[in-house]
Amino acid sequence: MSETQYDLAVIGAGPGGYVAAIRAAQLGLKVACIEKDATLGGTCLNIGCIPSKALLHTSEQYAEAKQGLEKHGITLGEVALDLDAMMDHKDEVVETLTKGVAHLFKKNKVAHIRGTARLTGRRELMVSRSEGDSETVNASNIVIATGSESMPFPGVAIDEERIVSSTGALDLKAVPERLVVVGAGYIGLELGSVWRRLGSQVTVVELLDTITPGMDREVSQAFQKVLGRQGMVFKLETKVAGIERNGETLRVAIESAGGGNEETLEVDVVLVAIGRRPYVAGLGLDEAGVALDEKGRVMVDARYQTNVEGIYAIGDVIEGPMLAHKAEDEGVAAAEVIAGQKSHVNDDAIPGVVYTEPEVAAVGKTEEQLKVAGIDYRVGKFPYLANARARAMSKLEGFVKILSAAETDRVLGVHIIGHDAGTLIAEAVLAMEFGASAEDIARTCHAHPSLNEAMKEAALALGDGPIHL
Ligand code: FAD
Ligand code: NAI
């Protein structure tokens, strides 16, 4: 048993925790980061953002090679899938990036402590290791960055082989002939897309009357149409009543959300993706007196401090969208606050991106939110099919939609469905950070030919009209 005194101990080395640790070390604090898993990087690097994006990219290349290149004058012979090689590439990317975090810790002199942390006092943690030994860590400040875990589905046992969460869906050993996805959110649509492209018949069962609830309605309707054209089948306002194992087959009983219309789907794999919940198991929050809200999230103030002085929390374990970049930015802000600086994150300008093809990206308010808030707004839209670069790339699906305040022209929200929307949205985020008007975007010179010109034209649509439509 050993003891060390730190200025800051961060629990969890996901994008929230490792970024907080590095930022605090940059500011001169003596920092330890405690991680229970064997590798650093948390959900995002190990079983989330990174492996899913590797599979999305590779499966998209496969789909293009199979059917997207002829009209560009490229004819290939038979295109074959080597799933093992695809998975090896994904694993290699994950390994490189998680080792990269370990390297950054060394470079910044962040002490990496392996083990599971438990709060044993306001300024004290007990770290237990699987080998049975433990260590006491004393720190003037503690940041809880323990992230989230998949929401369990009552009555359905996840085995990560046939009934899988996102973790199992990132590692299937063969392409399932028939896949049912429960939940039409970020994970269901991204990983459903991966397996659809590789050949699975994909049926998505969604409880609500729309896919990606919370997204601008016009965009989610367009998104559903595009995914439908790619072969995904949607059962909206539908719930799973039960899953039965019948030899090699899974029998998924579904019915209307309100009851009735029972149907049984016979499939090979079920992906359960109905959301994530904060992970605080075994942290000792009760004993430490750290308050949770009604959804089990650690409650924090505007400085990311919990109700206990010196204990902070960031990332998926607190309120807000469960996104890696939100966790990272909160990590920076919390570290800066602890180091005595003034720092915050602008919750109104956090982008969200679904990395399908086309991508869907958004920042700020949706039309539905503006209506509820009684804010007068105007809509400027521009379709990809009128953008020269999109035409050159044969990426004609989608549009950019800008919502601006009717009175001031200030940008209130931007919603994009289209190729590389995740890159395009950065311009909108920056515009909103600077409180830009749509006219500011319209008067900014955009390189030609680029997809970003669709943003400029959507902004022009809020003035005298776009040039190219
Ligand atoms: P986490 O990344 O969950 O890290 C928490 C860490 O804390 C873990 O390593 C855990 O082992 C450790 N820990 C927990 N308890 C203890 C303890 N008591 N002691 C020691 N260590 C502990 N977000 C995006 O922005 N873009 C994407 O493309 C994206 N894709 C995703 C795809 C999938 C399949 C999934 C599941 C998620 C995806 N996300 C994406 C969400 C993103 O992964 C999370 O928002 C992000 O990882 C949250 O970061 P965090 O640091 O709060 O928590
Ligand atoms: P989600 O919240 O995005 O979507 C869950 C979906 O399941 C919703 O549409 C919901 O209505 C539906 N649902 C809930 N209960 C259901 C039930 N019983 N039957 C059928 N449908 C049901 O959650 P998801 O997809 O699990 O992802 C979790 C989080 O991880 C995301 O919200 C996001 O924060 C993060 N993530 C981000 C990604 C990105 O940034 N590209 C990619 C993947 C995940």
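## Briefing: spaces, charges and backbone details

One cavity of 30 Å³ or more is present in this structure. The model is a predicted one, so please read the values below as computed from that model. Besides the cavity, the briefing takes in a pocket with a volume of about 820 Å³, a total of 32 salt bridges, and some backbone details worth finding on screen.

**Empty space inside and at the surface**

- Rolling a probe the size of a water molecule over the atoms shows where empty space is left.
- The largest cavity holds about 50 Å³ of space.
- Its lining is made up of S150, M151, S165, S166, I187, V272, A273, I274, G275 and R276.
- The second largest pocket has a volume of about 820 Å³. Its lining counts 25 residues, and E60, E64, Q67, Q230 and K395 are the closest of them to the pocket centre.
- Helices α3 (49-67), α6 (186-197) and α7 (217-229) each supply at least two residues to the lining of the second largest pocket. The most comes from α3, which gives six residues.

**Charged side chains**

- Side chains of opposite charge can pair when their charged atoms come close.
- There are 32 salt bridges in the structure. One of them joins R23 and E336, whose closest N and O atoms are 2.8 Å apart.
- R23 belongs to helix α1 (residues 15-26) and E336 to helix α9 (residues 324-338), so this pair ties together parts that lie 313 residues apart in sequence.
- On the surface, D82, D84, D88 and E92 gather in a patch of negative charge. To find the patch, you can start from D88, which sits in helix α4 (residues 83-107).

**Backbone details**

- The peptide bond from E357 to P358 is cis, and its omega is near -5 degrees. P358 is placed in the loop between β18 (352-354) and β19 (359-364).
- H448 and P449 are also joined by a cis peptide bond, with omega about -5 degrees. Here P449 lies in the loop between α13 (438-442) and α14 (453-460).
- K109 is not a glycine, yet it has a positive phi of about 60 degrees. You will find K109 in the loop between α4 and β3 (111-114).

Technical notes:
Residues numbered from 1 in each chain as written. Chains lettered and ligands numbered in written order. Predicted model: local features only at pLDDT ≥ 70, side-chain atom pairs only at ≥ 80, totals over all residues. Heavy atoms only, no water. Patch = residues over 30% accessible without salt bridge, like charges linked within 9 Å, V, L, I, M, F, W, Y side chains within 5 Å. Areas by Shrake-Rupley, 256 points an atom, 1.4 Å probe, with all protein chains shown as cover. Salt bridge = Lys/Arg side-chain N within 4 Å of Asp/Glu carboxyl O. Lys, Arg positive; Asp, Glu negative; His and termini not counted. Charge placed at Lys NZ, Arg CZ, Asp CG, Glu CD. Helix = DSSP H or I, 4+ residues; strand = E, 2+ residues; numbered from the N terminus. 1 Å grid on protein atoms, 1.4 Å probe; cavity = no way out; pocket = protein on both sides within 12 Å on 5 of 7 lines; lining within 4 Å. Points joined across faces, edges and corners; volume = space filled by probe spheres on them.
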